[in-house]
Amino acid sequence: MHRQLLRIFAILILPACAGAAFAQARSGAWLMGVLRDQASQHAAQARAAHDEKDAAAWQAWAGLYGKFSQDARIQQVDAVAFSRNNAKFNQQEALVMVRNGIQPAADLYNASAQMWMDLAQQLETGSGTPRVRFPEQQMLRPIAGLAGTPWQDLGGHHAADCQVLAQRAQSCQSQLAQMRHHNLVTGQGNGFPEVMQLRQCDAAQELYLAQCQQ
């Protein structure tokens with residue numbers, strides 16, 4: 001989501017307010033908009049190179065990021081915290097994929113974790129719009145049925161492996177329960193990790209039901 005720059009006279013008269021507005025603009029939703037815009041640029045470049053397959057893949061990722069950018073639950077989450085939580089989440093998901101023997105998905109999650117950590121570091125410098133270093137090799141290699149990706153609704157080996165899908169859904173719910181218990185006991189947590197965990201659990205459960213309970 002692009003934010004309009006403050007007019008020069010407003011910056012001169014209200015410098016403190018301008019700084020506060022800038023800080024508020026750098027939210028998780030704003031950052032998802034940045035990813036959407038830069039993925040769309042990749043799509044345009046692929047179309048210009050007459051690579052329709054990659055163009056379609058990038059446009060699908062842009063659509064996914066755009067959907068997240070509209071989520072009101074992350075509009076108040078600081079972009080740095082959002083990036084670091086996403087990095088941690090992707091690292092955890094990579095371990096789940098390794099345990100279940102889905103190495104391509106583990107590679108995608110590990111590469112995504114690196115992308116999010118890089119974004120956090122760029123944002124912490126206080127610079128403007130960060131450059132998203134997408135893990136292109138992994139993002140352009142479809143993994144059928146992988147929840148939370150543009151390939152979630154694709155059929156294939158991974159989507160049909162009901163045992164793996166069931167284990168993933170159960171593991172996600174267990175982690176969510178532990179997270180909620182920890183937050184309840186300690187009174188800590190900003191709510192964002194729980195929101196992301198809940199979203200992934202819902203996606204995992206929906207995928208399992210769609211593929212294995214028909």
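Which residues lie nearest the centre of the largest cavity? The legends below take up that question along the way, starting with the whole chain.

**Figure 1. An overview of the predicted model, an all-helix chain.** This is a predicted model, and its secondary structure comes to ten helices and zero strands. Following the sequence, you will read the pattern α-α-α-α-α-α-α-α-α-α. The protein chain has 214 residues, and 44% of them are buried. Among contacts with a separation of 6 or more, 70% are between residues 24 or more positions apart. The accessible surface is about 11,800 Å², with 54% of that area belonging to carbon and sulfur atoms.

**Figure 2. The largest nonpolar core, with 39 residues.** Good places to begin are L31, L35, Y65, M97, W116 and F134, the members that touch the most other members of this core. Four helices give two or more residues each: α3 (28–48), α4 (52–69), α5 (79–99) and α6 (103–124). As background, nonpolar side chains in soluble globular proteins tend to be buried together.

**Figure 3. A closer look at M97 and its contacts.** Here we pick out one of the core members that touch the most others, M97. Setting aside neighbours within four places in sequence, M97 is in contact with I102, A105, A106 and Y109, and also with L146 and R168.

**Figure 4. The largest cavity and its lining.** The model has four cavities of 30 Å³ or more, and the largest holds about 310 Å³ of space. To come back to the opening question, W61, N90, W116, G148 and Q200 are the residues nearest the centre of this cavity, out of 20 that line it. The helices that give two or more residues to the lining are α4, α5, α6 and α10 (192–212). Of these, α6 gives the most, with five residues. Sorted by class, the lining has 14 nonpolar and six polar residues, and no charged ones. W116 is worth a second look, as it appears both in this lining and among the core members that touch the most others.

**Figure 5. S112 in helix α6.** Is S112 buried or exposed? S112 counts as buried because its relative accessibility is 12%, under the 20% cut-off. Not counting residues up to four places away in sequence, S112 touches N90 and P135. You have met N90 already, as one of the residues nearest the centre of the largest cavity.

**Figure 6. A55 in helix α4, beside residues from earlier in the sequence.** With a relative accessibility of 2%, A55 counts as buried. Beyond its neighbours within four places in sequence, A55 is in contact with A43, A46 and R47. A nearby pair to compare is A55 and A44: they are eleven residues apart in sequence, and their C-alpha atoms are 6.8 Å apart in space.

**Figure 7. H50 in the loop between α3 and α4.** What is special about the backbone of H50? Its phi is near 60°, a positive value in a residue other than glycine. H50 is exposed, because its relative accessible area of 70% is over the 50% cut-off. In this view, then, look for H50 in the loop, and for A55 in helix α4, where A55 is buried at 2% relative accessibility.

Methods. Residues numbered from 1 in each chain as written. Predicted model: local features only at pLDDT ≥ 70, side-chain atom pairs only at ≥ 80, totals over all residues. Heavy atoms only, no water. Core = buried A, V, L, I, M, F, W, Y, C linked by side-chain atoms within 4.5 Å. Buried < 20%, exposed > 50% of the residue type's maximum accessible area, 1.4 Å probe, protein only. Contact = heavy atoms within 4.5 Å. 1 Å grid on protein atoms, 1.4 Å probe; cavity = no way out; pocket = protein on both sides within 12 Å on 5 of 7 lines; lining within 4 Å. Points joined across faces, edges and corners; volume = space filled by probe spheres on them. Nonpolar A, V, L, I, M, F, W, Y, C, P; charged D, E, K, R; others polar. Areas by Shrake-Rupley, 256 points an atom, 1.4 Å probe, with all protein chains shown as cover.
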